[in-house]
Amino acid sequence: MKKVKKINVFVPYFLPDKSYGGPITSIFSLSKFLSQYNKVSINTTALFYDSQKIISSKLIAKEKFTFFVKRSKNHFRNLLSTFLILLKNKNEIIYINSFFYIYNSFPFFLISKLSTLNGNKLIISPRAEL
């Protein structure tokens, strides 16, 4: 029996917000596919991209995902949560989306070496940002 891999995806915004465009669509499709074979967790904020308002719990409840979505109420909490996840997890796959978005990438700049020493595999998706 093959061991199920744990994949942690870090993206600043996620569904039901669609204003962030391509990153949300590609992360959703990727996570939906991978969740058939792996344990996928999306780590994101509970904010709308354009207005920075909090997404209502009613809108979030309408979404039915085949993977786990952990939402932070603001960028600072998301930053702290990311640090904790990176320090705690071992032998997992870490996928960073939106590499140049500072709240999303800053934790990885600081502790990426420690994270890889814990046996984690780091995948960075710069998208069209480079």
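Two strands are taken as paired if DSSP finds at least two bridges between them. In this predicted model, Val9 stands opposite Tyr95 in S4, while in S2 the bridge partner of Val9 is Ile42. A further bridge partnership involves Ile7, whose partner in S4 is Ile93.

These pairings belong to an open sheet of five strands, arranged in the order S3-S2-S1-S4-S5 with parallel pairing. Strand S3 (68-72) and strand S5 (121-125) stand at the edges with a single partner strand each, so one side of each is left without a neighbour in the sheet. From one strand to the next, the twist averages 20°.

The bridges that join strand S1 to S2 and to S4 are listed below.

| Strand pair | Bridges | Direction |
|---|---|---|
| S1 and S2 | five bridges | parallel |
| S1 (residues 6-10) and S4 (residues 93-97) | four bridges | parallel |

Strand S1 is largely enclosed by the rest of the structure, because four of its five residues are buried. From S1 the chain crosses through helix H1 (residues 22-34) to S2, in a β-α-β crossover that is right-handed.

Helix H3 (residues 75-88) packs on the sheet, where it touches S1, strand S2 (39-45), S3 and S4, and the direction of the helix makes about 150° with that of S2. His75 lies in helix H3, and this residue counts as buried because its relative accessibility is 11%, which falls under the 20% cut-off. The side chain of His75 also makes a polar contact with the side chain of Tyr13, at 3.2 Å.

Definitions and conventions:
Residues are numbered from 1 along each chain as its sequence is written. This is a predicted model: local features need pLDDT of at least 70, side-chain atom pairs count only at pLDDT 80 or more; totals for chains, interfaces and linings use all residues. Side-chain values use heavy atoms; hydrogens and water are left out. Helices (H or I, at least four residues) and strands (E, at least two) are DSSP runs, numbered from the N terminus. Axes are lines fitted to C-alpha atoms, for helices over the stretch in contact, and angles run from 0 to 180 degrees between N-to-C directions. Contact means heavy atoms within 4.5 Å. Buried means under 20% relative accessible area, exposed over 50%, partly exposed in between (1.4 Å probe, protein chains only). A polar contact is a pair of N or O atoms within 3.5 Å; within protein, one must be able to donate a hydrogen and the other to accept it, and residues adjacent in sequence count only if both atoms are side-chain atoms. A crossover is right-handed if, with the strands pointing away from the viewer, the path from the first strand over the helix to the second runs clockwise.
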